[in-house]
Amino acid sequence: MPERLIYLDNAATTRVDPRVVESMLPYFSEKYGNAASQYYELGRQARAALDTSREQLARLISALPEEIYFTSGATESDNWVIMGSVLGGNAKKKHIISLPTEHHAILEPLEWLKKNGYGDYTLLPVDKTGKVDPDDLKKAIRPDTALVTIMHSNNEIGTIQDIPALAAIAHEAGVPFHTDATQSVGKIAVDAKALGVDSLSLSAHKFHGPKGIGALYLKKGTRMGVFMHGGGQENNRRAGTSNVSGAVGMGCAADIASEYIADAPRQRQLTEDIWVGLANAIPKIYRNGHPEDRIPNLLSVCVEGAEGEAILGYLDMSGLQVSSGSACTSGSLEPSHVLLACGVPVELAHGSIRISISHETSLEDASFLVKTMPGAVERLRTMSVTWKG
Ligand SMILES: *Cc1c(COP(=O)(O)O)cnc(C)c1O
């Protein structure tokens, strides 16, 4: 085991802030009531805690508390919007427009609807930085389009889309607009009203909150079918006993997120410095995503002549915890669907590395990566039969 683990995979999940852990503890041990039980004190305490965290989260994304619906995370929020728009909406509108670079929590439900005959979808092209052209959205909208869903920032390459412009185009055609903002919330300012979206997905464990809790922002008056059926929780729109401790933790994380957001300029510089350092030391290394319109904490690169997973193995031996792309697909031998959609050749896409930092990442951590990775790449290239230098 290396002496010290350096965590550089904050796009997969983040360390729970100690203050968040502290805030949650009473809701396991003393304040364990069911928020739906309003005839006694423990139940009312739980309800009050839920109300508070709803307010905290609403403040973070400039929404109203009644526009926040707690879910089990962004996967559920994304599934809810997609299923709710097609199965619970206007029976004549079954078509959804999205991007090929979306998270699987968007792409898989779209494919499921299509495969089972419930709906249809169009994926718009993206350029090599991962950006979509708003004109392409304009052309793709059909009379039966039920929803446009385009992510705020990409979880593999960090590219930020021009959501206000895209949402405006959807609205001109009378189509509701959803954004998966999971990688942006808590890292940069996200203002649901300014974005002009009708719905937005987020997840607590991506901004130093606990796993298993997230939310769907649903703008007041938005039509949306029910996805989880059962009890009357979340204003009759999402059934299931409320995850009170999780909500309290997410609310606390939302409250302190301004500290993380204030660190964004430093993180942007640090990821830039890592890129310059790697580019100077490694021949045939390429940067993915958009150099300017990006979240500050993520750097994605591809190296020729070395498998991403093999590089990760070397880095792990030095205590560096890094990813080759999305945590959801790592382990599979398929190259990233995001990189392929950006036009990265298949061979090169196999050599992808995603470095995602946080407010806890120091200059020393970054320097250690820049010192360690070139050696790993060189060793792998020496062993490669296809690498020609
Ligand atoms: C992590 C992530 C998800 C899934 O969130 P969970 O809360 O883990 O289900 C969805 N979309 C994006 C963009 C993500 O980064």
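**Exercise 1. Find which strands each supply at least two residues of the lining of the second largest cavity, then describe that cavity.**

*Solution.*
Step 1. Start with the strands: β9 (285-288) and β10 (298-303) each bring at least two residues to the lining of the second largest cavity. Keep in mind that you are looking at a predicted model.

Step 2. Now see which element gives the most. That is β10, with 3 residues in this lining.

Step 3. Write down the lining itself. Around the second largest cavity you find Ile157, Arg287, Asn288, Gly289, His290, Pro291, Arg294, Leu298, Leu299 and Ser300.

Step 4. Sort these residues by class. The lining has 4 nonpolar, 4 polar and 2 charged residues. Gly289 goes with the polar ones, because Gly is counted as polar here.

Step 5. Add the volume: the second largest cavity takes up about 40 Å³.

**Exercise 2. Work out how many cavities of 30 Å³ or more there are, and describe the largest cavity.**

*Solution.*
Step 1. Here is the idea to begin with: a probe the size of a water molecule, rolled over the atoms, shows where empty space is left.

Step 2. Count the cavities. With a cut-off of 30 Å³ or more, there are 4.

Step 3. Turn to the largest cavity, whose volume is about 90 Å³.

Step 4. Look at what surrounds this space. The largest cavity has 15 lining residues, and those nearest its centre are Gly186, Lys187, His208, Tyr260 and Gln267.

Step 5. Divide the lining of the largest cavity by class: 5 residues are nonpolar, 8 are polar and 2 are charged.

**Exercise 3. Describe the shell around the ligand, and say how much of the ligand the protein buries.**

*Solution.*
Step 1. Begin with the neighbours. The ligand is surrounded by 13 residues, and the closest are Thr75, Asp180, Gln183, Ser203 and Lys206.

Step 2. Sort the shell by class: it holds 2 nonpolar, 8 polar and 3 charged residues.

Step 3. Ask which element gives the most to the shell. Helix α4 (residues 74-86) does, with 3 residues.

Step 4. Go through some contacts with oxygen atoms of the ligand, using the cut-off of 3.5 Å for a polar contact. Thr75 places a polar side-chain atom 2.5 Å from a ligand oxygen. For Ser203, a polar side-chain atom is 2.6 Å from an oxygen of the ligand. In the side chain of Gln183, an N or O atom lies 2.8 Å from a ligand oxygen.

Step 5. Finish with the surface: the ligand taken alone exposes 380 Å², and the protein buries 88% of that.

Technical notes
Residues numbered from 1 in each chain as written. Predicted model: local features only at pLDDT ≥ 70, side-chain atom pairs only at ≥ 80, totals over all residues. Heavy atoms only, no water. 1 Å grid on protein atoms, 1.4 Å probe; cavity = no way out; pocket = protein on both sides within 12 Å on 5 of 7 lines; lining within 4 Å. Points joined across faces, edges and corners; volume = space filled by probe spheres on them. Helix = DSSP H or I, 4+ residues; strand = E, 2+ residues; numbered from the N terminus. Near = heavy atom within 4 Å. Polar contact = N/O pair within 3.5 Å; in protein donor to acceptor, adjacent residues only side chain to side chain. Areas by Shrake-Rupley, 256 points an atom, 1.4 Å probe, with all protein chains shown as cover.
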